[in-house]
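Dear colleague,

Please find below the structure that I am handing over to you. I would be grateful if you read the notes that follow with the model open beside them.

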Amino acid sequence: MSNSLRIGIAGLGTVGTALVRLIQEKQEMLADRCGRAISVTGVTARSRNKDRGISLDGITWHDDANSLATSKDVDVFVEMMGGEDEPAYSAVKSALQSGKHVVTANKALLAKHGVELASIAEAEGLLLNYEAAVAGGIPIIKVMRESLTANTVTRVSGILNGTCNYILTRMEQDGLTFEECLKDAQELGFAEADPTFDIEGNDTAHKLALLTSLAFGTAIAPDAIYLEGITKITIEDIEAARDLGFRIKLLGIATRTAEGVESRVHPAMVPLGSEIAEIGGVTNAVAVEADTVGSLMMSGPGAGGDATASAAAGDICDIAKSRPGHQHGPALGQPANTLTPHERAPMRSHAGGYFIRLTVVDTPGTMAAIATRMAEQDISLESIVQRRTKDHDDIEQAPIILITHETTEQAIRNALDGVRSDGRLIGEPQMIRIETLG
Ligand SMILES: NC(=O)c1ccc[n+]([C@@H]2O[C@H](COP(=O)([O-])OP(=O)(O)OC[C@H]3O[C@@H](n4cnc5c(N)ncnc54)[C@H](OP(=O)(O)O)[C@@H]3O)[C@@H](O)[C@H]2O)c1
């Protein structure tokens, strides 16, 4: 068997330790399949003394990521530290500039610096692999980068954050509030101590930015994504959705339009019984619509040490099997200097059905006034449901749920501005887009 492939792993947390364990436990199988042994020769993390439940015997400890990234005893630098900037950025860049292939699970880093890092990798004839960065164990990067090369993709979408999907699933199944479910997710280790990035949709946006670039051959542009998290979703929304035949999911969706690429992350109503509605808990799903293959969807574990390590190990094996001059092609599916600028389509051009929940003071003529405001914007209503309740001051108030037929975001916003100016509105209306995927 030819020379072993020497791996340096920076970051020994959930994913890094799972990867070390996987490479050690499946040594023989990996060597057989790759045609050469794979061995971890160097590691680094913040704390040298932490017990990580893995054996680091015979593995060189490096005090900083840069020293590991440039070590002469490393062929592949595996970045499992996280974070969009230092030390991940410099370490990955130095590794590539020192002739090392790179594997990373870091979507935040790639969303910000991916084009630059891909360019360096290409110039150096190296591989930059990042299967673990999007949807954990689901091998969607390889599918989009390699298997769908002969397709023109029209839309890529999915449930890309397990924490948010877990929270929404628990809210529906157990009738718990958003806050209760978040606390539960944190206790179970699904959500970070600071969950902002997950629940505000940023993590989904980072993954969607990478998928968008692969789908449409555009530069990675996380800032061009319209972003709404799940913090404003209430039990009332979840229950009303279910009564009307929908389920609420946090989706990332990128669509090719005549005006450019429309990328958005927001809670959406998906029809009960649809494939995407059935994705529960921490599971992720990615759907691709393309001209030649048609529609496909992949689902599976979107996070967790083992699932993510599985994806990273696949990336390492691809490197083990590659030979100089016979590699698997550019990191972003096409040479980085051929990516076109990401032209952002205005969000307000988005067309589709809408769920609107608003509370109004219940006086005669209210329903008619709302219907008039909708009609003024050419919005046709599929259903309008009213439930009468009393607030603490005994004021008659009426929660009203509207489901519209296809219309535009602009029309909905104009109609709601009209309802607001009529002076009957209590609080802010909730507006959730209805999506039918696949
Ligand atoms: N967890 C998942 O399910 C999952 C899924 C998909 C992708 N990812 C991505 O995988 C990456 C790692 O995630 P994780 O969950 O494994 O993170 P984690 O458990 O927080 O581990 C991070 C590791 O990086 C080390 N580290 C942090 N800052 C460092 C620094 N300045 N220098 C050297 N080492 C440093 C930490 O060292 P100490 O242990 O000494 O503190 C720790 O070992 C992230 O990019 C994440 O987005 C994670």
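Which of the 21 residues around the ligand come nearest? They are Leu12, Val15, Ser47, Arg52 and Gly304. Please bear in mind throughout that this is a predicted model.

The surroundings of the ligand may be described first. The shell of residues around the ligand is made up of nine nonpolar, eight polar and four charged residues. As for its location, the ligand sits in the largest pocket.

Several polar contacts involve oxygen atoms of the ligand. Two of them come from the backbone: an N or O atom of the Gly13 backbone lies 3.0 Å from a ligand oxygen atom, and a backbone N or O atom of Arg46 likewise lies 3.0 Å from an oxygen atom of the ligand. With Lys50 the side chain takes part, since one of its N or O atoms is 3.0 Å from an oxygen atom of the ligand. Taken alone, the ligand exposes 890 Å², and the protein buries 77% of that area.

A further residue to locate in the model is Val40, which belongs to strand β2, covering residues 36–44. Is Val40 buried or exposed? Its relative accessibility is 10%, and a residue counts as buried when this value is under 20%; therefore Val40 is classed as buried. You may also wish to find Thr292, which lies 252 residues from Val40 along the chain. The C-alpha atoms of Val40 and Thr292 are separated by 41 Å.

Yours sincerely,
A colleague

Note on methods
Residues numbered from 1 in each chain as written. Predicted model: local features only at pLDDT ≥ 70, side-chain atom pairs only at ≥ 80, totals over all residues. Heavy atoms only, no water. Near = heavy atom within 4 Å. Polar contact = N/O pair within 3.5 Å; in protein donor to acceptor, adjacent residues only side chain to side chain. Areas by Shrake-Rupley, 256 points an atom, 1.4 Å probe, with all protein chains shown as cover. 1 Å grid on protein atoms, 1.4 Å probe; cavity = no way out; pocket = protein on both sides within 12 Å on 5 of 7 lines; lining within 4 Å. Sits in = over half its atoms within 2 Å of the grid points. Nonpolar A, V, L, I, M, F, W, Y, C, P; charged D, E, K, R; others polar. Helix = DSSP H or I, 4+ residues; strand = E, 2+ residues; numbered from the N terminus. Buried < 20%, exposed > 50% of the residue type's maximum accessible area, 1.4 Å probe, protein only.
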